Amino acid sequence: MAQHPLRREAGLSTLAIHAGQAPDPTTGAVMMPIYQTSTYAQEALGQHKGFEYARTHNATRAALERNLAALEGGTHGLSFASGLAATNALVQTLSAGDHVVCGRNTYGGTYRLFEKVWRRHGLAFTFVDASDSDAVERAFTPATKLVWVETPTNPLMELADIAELSTRAHRVGARVVVDNTFMTPYFQRPLALGADVVMHSVTKYLNGHSDMIGGALITSDEALATELRFLQNAAGAVPGPMDCWLCLRGTKTLAVRMRQHDANARDLAALLEQHPKVSRVFYPGLPSHPQHALACRQASGFGGMLSFIAGDGSLAAGERVFNAFRLFTRAESLGGVESLVCHPASMTHASVPREARLAMGFADGLLRLSVGIEDGADLQADVAQALAAL
Ligand code: P1T
């Protein structure tokens with residue numbers, strides 16, 4: 001498949017629109033066709049065009065994989081049927097007895113996959129506060145193969161120092177995986193900071209329109225990429241071509257969307273921070289965020305996700321505000337053009353034990369906002385009227 005002749009130093013907006021795609025050689029179609037087929041004709045025994053069966057090869061999927069690899073600055077991209085399927089594939093590269101150090105605050109589904117599925121297959125997991133690089137290093141054992149971090153974390157917006165953790169993990173021969181779902185490559189490039197693998201729920205900002213589920217892994221580690229390509233086919237958690245196409249369409253506008261998400265979220269974080277009914281705001285763009293300096297150093301923006309605690313942080317207080325939103329839709333997920341409000345303790349993080357939640361400052365009533373790209377004034381008015389319900 002032809003690729004666009006891009007300058008090596010092409011910017012991210014240009015890469016988002018062109019990388020991995022060129023007009024279709026058969027028809028000249030400017031947009032990548034959706035190769036909606038499960039199999040491919042063979043002219044004679046052993047003679048084909050490099051495509052045999054669509055679990056193994058699909059041109060729409062390959063275009064998405066090249067596009068995502070270019071955006072993250074990696075040499076290999078692999079896409080999966082969901083973010084968790086991507087995470088699962090990476091864990092499948094490990095063997096019984098191997099150990100993973102994981103940030104204590106991750107998406108609840110990641111925690112559930114590690115704790116409830118892979119632990120019983122003989123893998124060991126230690127959950128630590130990954131904003132403390134010393135705590136991560138103290139958790140290393142001779143069996144540690146992976147360090148898994150989200151930065152910022154979902155939903156507490158804590159940061160891990162990617163460069164520092166990568167140096168320390170590499171000293172003991174462990175790979176570092178960064179779930180870059182919240183920041184996207186528009187704001188943060190973990191591979192350039194030393195990480196070995198970037199993981200995405202492409203369901204979120206990369207697709208950007210809340211109309212598909214998908215995941216991806218990007219790496220420049222040849223050996224790992226070969227193993228992941230084997231697992232993608234061997235285990236078969238591949239995305240369909242229509243979903244790949246939707247994500248490809250989404251990445252074209254990543255840059256303009258992220259700028260607007262970021263601008264709207266900064267304004268809302270400032271509004272929430274000075275609101276008398278709000279006791280805490282979690283947003284790395286606020287100078288009061290304990291890791292604001294790191295946020296400025298390792299990312300070029302702060303993104304569209306923020307969390308806050310209203311009133312005394314009780315479930316009742318959170319529920320009151322949650323139920324009062326009008327423009328923000330009450331829903332799980334994030335990263336679409338539309339604004340969403342989520343109650344993580346009962347929704348996205350229901351599988352995290354309450355004591356573990358409370359120990360990290362994740363109050364029962366904490367609310368998370370996925371700030372969309374609507375007019376900022378309308379979003380601010382909605383947040384203000386929702387808080388007035390308290
Ligand atoms: O939902 P899926 O595409 O399988 O991706 C899982 C996932 C992985 N990593 C992060 C940081 C995520 O936020 C998610 C999914 N999160 C939600 C559905 C949510 O509302 O937080």
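Here are a few exercises, each with a worked solution, on a predicted model of a protein chain with a ligand.

**Exercise 1. Find the two domains and work out how far apart their centres lie.**

Start with the bounds: the domain assignment puts domain 1 at 12-251 and domain 2 at 254-387. Next, take the C-alpha centre of each one. Those centres of domain 1 and domain 2 are 25 Å apart.

**Exercise 2. Describe how domain 1 and domain 2 meet: how many residues are in contact, and how much area is buried?**

Count the residues to begin with. Domain 1 brings 42 residues into contact with 43 residues of domain 2. Then look at the area: about 3,400 Å² is buried between the two domains, and 60% of that is on carbon and sulfur atoms. On the domain 1 side, the residues that lose the most area to domain 2 are Leu 156, Phe 187 and Tyr 205, together 23% of what that side buries.

**Exercise 3. Which residues form the salt bridge between the domains, and which elements line the domain 1 side?**

Go for the charges first. The count between domain 1 and domain 2 is one salt bridge. Now check the pair Arg 297 and Asp 161: their closest N and O atoms are 3.4 Å apart, and a salt bridge needs 4 Å or less, so this pair makes the cut. There are also 20 residue pairs in polar contact between the domains.

Then turn to the elements. Helices H1, H4, H7 and H9 each give two or more residues to the side of domain 1 that touches domain 2. H4 has the largest share, with five residues. Sort that side by type and you get 19 nonpolar, 17 polar and six charged residues.

**Exercise 4. Which residues are closest to the ligand, and which polar atoms does Ser 201 offer it?**

Look around the ligand: 18 residues surround it, the closest being Asp 179, Ser 201, Thr 203, Ser 333 and Arg 368. Zoom in on Ser 201, where a side-chain N or O atom sits 2.9 Å from a ligand oxygen. Leu 84 uses its backbone instead, with a polar atom 2.9 Å from an oxygen of the ligand. For a ligand nitrogen, try Lys 204: an N or O atom in its side chain is 3.5 Å away.

**Exercise 5. Track down the unusual backbone angles at Pro 152, Pro 155 and Thr 184.**

Keep the general rule in mind: most peptide bonds are trans, and most residues other than glycine have a negative phi. Thr 151 and Pro 152 are joined by a cis bond with omega about 0°. Asn 154 and Pro 155 are joined by a cis bond too, with omega about 5°. Pro 152 is in the loop between strand S4 and helix H6, and Pro 155 is in the loop between S4 and H6 as well. Finally, Thr 184, in helix H7, has a positive phi of about 65°.

How values were computed. Residues numbered from 1 in each chain as written. Predicted model: local features only at pLDDT ≥ 70, side-chain atom pairs only at ≥ 80, totals over all residues. Heavy atoms only, no water. Domains from an automatic or database assignment. Contact = heavy atoms within 4.5 Å. Buried area = accessible area lost by both parts, 1.4 Å probe. Salt bridge = Lys/Arg side-chain N within 4 Å of Asp/Glu carboxyl O. Polar contact = N/O pair within 3.5 Å; in protein donor to acceptor, adjacent residues only side chain to side chain. Helix = DSSP H or I, 4+ residues; strand = E, 2+ residues; numbered from the N terminus. Nonpolar A, V, L, I, M, F, W, Y, C, P; charged D, E, K, R; others polar. Near = heavy atom within 4 Å.
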